[in-house]
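Colleague: I've got a chain open on my screen and I'd like to work through it with you. Can you take my questions one at a time?

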Amino acid sequence: MVSLTLGDGTSTAAPVKRAAQWWVETVTTRTELADPVTAWDDLAWHALEPNPFYEAIMFLPAWDRFAAEGPTEIALVYRNGVRPQDPPELCGFFPFARERHGPIQLRTLWKHIYCFLCTPLVRQGVAVETLRTLCEWLEQDRQGPAVWQL
């Protein structure tokens with residue numbers, strides 16, 4: 001806590017905000033995705049644009065059913081909590097599939113036969129930072145496709 005002295009001589013304590021650190025974790029199997037479900041539900045609830053097809057309750061059964069054509073990796077964008085004791089906050093959910101169009105490899109958001117919307121889940125208020133972190137991660141992936149479709 002930082003103590004501030006006001007003009008009238010009184011002081012007040014203000015929390016110190018630490019700089020947000022952003023990172024991307026990738027998930028490639030169904031079992032790896034079971035761990036962040038609570039954070040995923042919170043993200044879906046606070047998404048800039050809701051997408052029920054990418055919420056856990058609909059996404060997981062679809063992934064089970066369409067596993068052969070399912071996502072090759074899911075990018076989860078996190079940031080540190082505001083306070084040191086806060087857990088990391090899930091800010092973005094991007095299920096990617098890889099496609100090939102002739103000689104070009106493409107990374108695109110996963111869509112199955114019953115999915116009518118491919119808008120990724122991005123937390124309200126931090127969309128710019130979330131997308132910046134994702135794009136930086138995509139640029140650094142030298143093994144991945146050179147073309148992405150979001």
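**Confidence, helices and two single residues**

Modeller: Sure, and let's start with a shaky part: pLDDT stays under 50 over residues 10-18, for which there are 25 contacts beyond four places in sequence. Keep in mind that this is a predicted model.

Colleague: Which element of the chain has the lowest mean pLDDT?

Modeller: Residues 1-6 also stay under a pLDDT of 50, though the model has 18 contacts beyond four places in sequence for them. For the chain, the average pLDDT is 82, and 81% of the residues score at least 70. At the top of the elements sits strand β7 (residues 121-122) with a mean of 98, while the lowest mean, 41, belongs to strand β1 (residues 2-5).

Colleague: How are α2 and α3 oriented to each other?

Modeller: Helix α2 covers residues 37-45 and helix α3 residues 56-65, and their axes come within 10 Å. Those axes cross at roughly 125°. An angle from 115 to 145 degrees is neither roughly perpendicular nor roughly antiparallel, so the word for α2 and α3 is oblique.

Colleague: Which residues in α3 meet α2?

Modeller: On the α2 side, the residues are V37, W40 and D41. By class, this contact of α2 with α3 has 5 nonpolar, no polar and 1 charged residues. The α3 partners are A56, F59 and L60.

Colleague: What arc do the buried residues of α3 fall within?

Modeller: The buried ones in α3 are A56, F59, L60, A62 and W63. They pack against α1 (30-33), α2, β4 (73-79) and β5 (89-101), whereas I57 and R65, on the other side of α3, are exposed. Here's a handy rule: an α-helix has 3.6 residues a turn, so residues three or four places apart point the same way. Down the axis of α3, the buried residues line one face of the helix, because their arc is 165°.

Colleague: Is T108 buried or exposed?

Modeller: You'll find T108 in strand β6 (residues 104-109). Beyond its neighbours within four places in sequence, T108 is in contact with P95, F96, A97, E99 and Q149. Its relative accessible area is 9%, and buried means under 20%, so T108 is buried.

Colleague: And how far apart are the C-alpha atoms of C135 and W148?

Modeller: C135 is in helix α4 (residues 127-140), and counts as partly exposed because its relative accessibility is 26%. Along the chain, C135 and W148 are 13 residues apart. Their C-alpha atoms are separated by 9.6 Å.

Terms used. Residues numbered from 1 in each chain as written. Predicted model: local features only at pLDDT ≥ 70, side-chain atom pairs only at ≥ 80, totals over all residues. Heavy atoms only, no water. Axes fitted to C-alpha atoms, helices over the stretch in contact; angles between N-to-C directions. Helix = DSSP H or I, 4+ residues; strand = E, 2+ residues; numbered from the N terminus. Parallel < 35°, antiparallel > 145°, perpendicular 65-115°, else oblique. Contact = heavy atoms within 4.5 Å. Nonpolar A, V, L, I, M, F, W, Y, C, P; charged D, E, K, R; others polar. Buried < 20%, exposed > 50% of the residue type's maximum accessible area, 1.4 Å probe, protein only. Arc of directions from axis to C-beta. pLDDT = per-residue confidence, 0-100.
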